[in-house]
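Please look through the structure below with the sequence beside it, and then follow the questions and answers step by step.

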Amino acid sequence: KAAAAPAEDAGDAAGDEDAAADGDGGGDAADDADGGEGEGAEAKKKKKRKKKKKAPAGEGSKPPLSRLLGGFTDSYVRHGQTEPPSIPVARLFKPDAFPAGEIQEYLGSNAARVTDEEKRAQDRMQDGLWNKVRHASEVHRQVRRYAQSFIKPGLSLTEMCEKIEQKNRDLVEESGLQAGIGFPTGCSINHIAAHFTPNGGDATIIQPGDVMSVDFGTQIDGRIIDCAWTVAFEPRFDPLLEAVKEATNIGIKTAGIDVRLCDVGAAVEEVMESYEVELDGKTHTVKCVRNLNGHSMGPYQIHAGKSVPIVKGGDATRMEEGEFYAIETFGSTGRGHVVEDLECSHYMKNFHAPHVPLRMPRAKKLLSHINKTFGTLAFCRRWLERDDGGSTAVNGASGAKQEKYLGALKNLCDVGIIQPYPPLCDIKGSYVAQYEHTVIMRPTRKEVVSRGDDF
């Protein structure tokens with residue numbers, strides 16, 4: 001895993017510092033040893049114990065509060081980050097040296113790309129782009145590790161989302177459309193599969209028996225990191241989470257240049273539906289949510305035209321070099337089919353929105369605010385109701401809060417400029433889990449840029 005390289009460098013540096021410190025202590029021990037070999041041997045033992053005790057501190061020490069997550073929530077301290085994180089990620093690394101994600105070789109005839117000189121040259125020409133995306137990915141990793149340290153039963157969804165989003169803004173150094181949040185924090189609970197975030201006044205509290213996907217994005221110059229995991233606190237849900245995590249991983253492994261999208265879906269379905277989960281004495285086969293998909297992404301475009309199915313028999317279009325994909329899978333104990341339900345919170349300006357004359361002054365004003373603050377990135381009602389209207393960098397700290405805007409927002413949706421994205425739900429009483437990573441089809445190899453030590 002290439003992501004381990006910076007961590008090893010940091011660890012090596014920490015090790016060198018420890019060795020230097022221990023070297024000084026060792027000198028004292030050597031002086032003492034003149035008085036007797038026993039004392040010198042004892043000093044050496046102390047030195048060894050000290051090094052063993054110090055080593056884990058460089059990788060973090062706080063375990064996650066929810067299930068099936070690896071590593072420690074404060075693992076970012078190895079990069080010099082504070083706990084909780086407060087230093088913008090750009091200040092922790094050299095400008096051209098953000099940590100790479102997980103590197104995977106292409107399969108079959110494309111395996112030769114890794115040694116092809118022309119492809120290697122093309123890959124090097126894109127170093128600036130890869131580095132920008134790695135910067136956004138490292139922000140996402142640190143924000144989600146922070147989130148994994150406080151998400152627990154008793155927390156309100158509104159407080160959770162606001163803490164995640166503010167940390168995202170802080171660590172990416174939010175600057176309007178140049179850098180910031182990629183889309184609203186999704187916190188879809190139990191039978192809700194996607195596109196749920198609390199609207200103003202929502203008092204929902206996380207319960208011990210909940211299954212909740214957490215899906216948020218970070219963007220720099222429009223390059224969006226789309227990555228999600230599922231929170232659960234009870235071991236009975238482990239098989240559900242394992243099924244979806246493994247299905248996502250096999251989807252990533254199968255994906256590649258010239259691979260048909262339907263082949264990714266077939267591989268995902270085979271793995272997903274090999275799992276069963278027993279809940280309240282009833283055994284459920286984990287079903288793929290067949291009408292949800294992964295997707296290609298472009299600059300400032302979360303859905304760039306290609307859909308990656310999670311069941312067999314889908315689109316035979318092939319993946320291409322240079323494309324960015326959000327590989328995501330959803331597993332359900334219900335029907336495995338979602339419908340729109342509940343109050344809408346997510347909205348987004350259509351990337352190819354038509355020019356429509358607007359007669360309602362409030363609609364014109366709201367569209368101007370959306371264009372300036374969000375562009376074609378997704379937004380939510382909570383952000384419109386903030387004092388800064390969704391971005392302090394764009395609008396200042398106050399004075400941009402949108403008042404009595406729902407009629408204007410509906411008008412923009414009715415004429416096709418804004419697209420609403422209501423929550424997508426399976427049957428009540430079911431549970432849906434999600435895992436997702438962002439993958440780049442680089443000329444030589446694919447890179448899972450959002451991969452971390454958590455999942």
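Helices and strands here are DSSP runs, numbered from the N terminus, where a helix needs at least four residues and a strand at least two. The model is a predicted one.

Q: In which loop is the place of N350?
A: The elements that flank this residue in the predicted model are a strand and a helix, with strand β13 covering residues 346-349 and helix α8 covering residues 361-373. N350 therefore has its place in the loop between β13 and α8.

Q: Does N350 count as buried, partly exposed or exposed?
A: Buried means under 20% relative accessible area and exposed means over 50%, with partly exposed in between. The relative accessibility of N350 is 22%, so this residue counts as partly exposed.

Q: Which residues is N350 in contact with, leaving aside its neighbours within four places in sequence?
A: Contact means that heavy atoms lie within 4.5 Å. With the neighbours within four places in sequence left aside, the contacts of N350 are T376, G416, I417, I418 and Q419.

Q: How are the axes of helix α8 and helix α11 placed, roughly parallel, roughly antiparallel, oblique or roughly perpendicular?
A: Two packed helices are described by the angle between their axes and the distance between the axes. The axes of α8 and α11 (residues 406-414) come within 8 Å and cross at roughly 80°. Angles of 65 to 115 degrees count as roughly perpendicular, and therefore α8 is, relative to α11, roughly perpendicular.

Q: What classes of residue make up the contact of α8 with α11?
A: On the α8 side the residues are R362, A363, L366, L367 and I370, and they meet A408, L409, N411 and L412 in α11. Sorted by class, this contact has one charged, one polar and seven nonpolar residues.

Q: Is the pair of Y347 and F379 stacked or edge-to-face?
A: The pair links distant parts of the chain, since Y347 belongs to strand β13 and F379 to strand β14 (residues 379-380), 32 residues apart. Y347 counts as buried at 8% relative accessibility, and F379 also counts as buried, at 0%. The ring centres are 6.1 Å apart and the planes lie at 25°, and because planes under 30 degrees apart count as stacked, the pair of Y347 and F379 is stacked.

Q: How far from the ring centre of F324 is the charged end of R223?
A: A charge sits over a ring only if, among other conditions, CZ of Arg is within 6 Å of the ring centre. The charged end of R223 sits over the ring of F324, and its distance from the centre is 4.5 Å.

Conventions
Residues numbered from 1 in each chain as written. Predicted model: local features only at pLDDT ≥ 70, side-chain atom pairs only at ≥ 80, totals over all residues. Heavy atoms only, no water. Axes fitted to C-alpha atoms, helices over the stretch in contact; angles between N-to-C directions. Parallel < 35°, antiparallel > 145°, perpendicular 65-115°, else oblique. Nonpolar A, V, L, I, M, F, W, Y, C, P; charged D, E, K, R; others polar. Phe/Tyr/Trp six-rings, centres within 6.5 Å; stacked < 30°, edge-to-face > 60°. Buried < 20%, exposed > 50% of the residue type's maximum accessible area, 1.4 Å probe, protein only. Lys NZ or Arg CZ within 6 Å of the ring centre and 35° of its normal.
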